[in-house]
Amino acid sequence: MTKPSILVVEDEPLIADDIADTLTKNGYRVVAIVDEGADALQAMEDYKPDLAILDVNIEGEMDGIELAPKLGIPFVFLTSYYDKATLDRAKVLHPAGYIVKPFSERDLIANVALALHKVPQPVAVKTHPEKLFVKKDQEIISVMSDQILFAEAFDNYAYLYTESEKYIISHTLKSIEEKLVPLGFLRVHRSYLINFDQIDSISEGYVFLKGHKIQIGKSYRKEFMDRLSLL
């Protein structure tokens, strides 16, 4: 009988080795240990594992929560982060497990065993635009989600762009991503979240939306291209 295969994404070498040793001892096969999203995606192509163990805080352009939905397999978060903001970002992805460090062998193996019997649930994308509200000067303005072209990270804030307006939002791009992804938005760069329906054209690593030129990050390119329906 083939042993279930597992990918470990962890940027602390000692913890990564501890996870791998624990899994191996309990009859699982660790196919790779990586510390960043780009290497994790390459490992997915090379080894096609059954499950991923993900830290939230990893190296590279994306964190573990951004990486998780790109994998296409069940995943368990194993992390030191359990604050409300992190949990809110994680729960919309329906992880198969969430373990807080320091982990015990019992918790890790129980979560892995359950995860391997779960089918990943994709994030539901709403078919109708939603009315959102943003602050502008002393007013609160309504903006329909399908009017937004893209969102851009700006320090601890973010900008929302429509064809005629630019709004500053007092939240990070990561925090508004949770609301926008179910409305048809897609992360294409560490600093950009675009409205997929607003794409006009794509050329040489860039996507164009109503005159705006947005770079497609290397780590996001495969997911973006997989989303396209080419004739």
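**Exercises: a helix and some rings**

Let's start just past a helix: α3 (helices are DSSP runs of H or I with at least four residues, numbered from the N terminus) is followed by G72, whose phi is positive, near 75°. This is a predicted model, where local features need pLDDT of at least 70, side-chain atom pairs count only at pLDDT 80 or more, and totals for chains, interfaces and linings use all residues. Residues are numbered from 1 along each chain as its sequence is written, and side-chain values use heavy atoms, leaving out hydrogens and water.

**Exercise 1.** Work out how α3 begins and how enclosed the helix is.

*Solution.*
- Step 1: look at the N-terminal end, which D63 caps, with a side-chain oxygen 3.1 Å from the backbone nitrogen of I65.
- Step 2: list the buried residues (under 20% relative accessible area, 1.4 Å probe, protein chains only): G64, I65, E66, L67, A68, K70 and L71.
- Step 3: that's seven of the eight residues of α3, so the helix is largely enclosed by the rest of the structure.

**Exercise 2.** Describe the aromatic pair of F150 and Y161, and say what the pair ties together.

*Solution.*
- Step 1: check the geometry. The rings sit 4.3 Å centre to centre (a pair needs centres within 6.5 Å), with 15° between the planes, so they're stacked (under 30 degrees).
- Step 2: find the strands (DSSP runs of E, at least two residues). F150 lies in β8 (residues 150-154) and Y161 in β9 (residues 157-161), so the pair ties together parts eleven residues apart in sequence.
- Step 3: check burial: both F150 and Y161 are buried.
- Step 4: zoom out. F150 and Y161 join F154, Y159 and Y192 in one aromatic cluster.

Terms used:
Buried means under 20% relative accessible area, exposed over 50%, partly exposed in between (1.4 Å probe, protein chains only). A polar contact is a pair of N or O atoms within 3.5 Å; within protein, one must be able to donate a hydrogen and the other to accept it, and residues adjacent in sequence count only if both atoms are side-chain atoms. Rings of Phe, Tyr and Trp (its six-membered ring) pair if their centres lie within 6.5 Å; planes under 30 degrees apart count as stacked, over 60 as edge-to-face and the rest as tilted.
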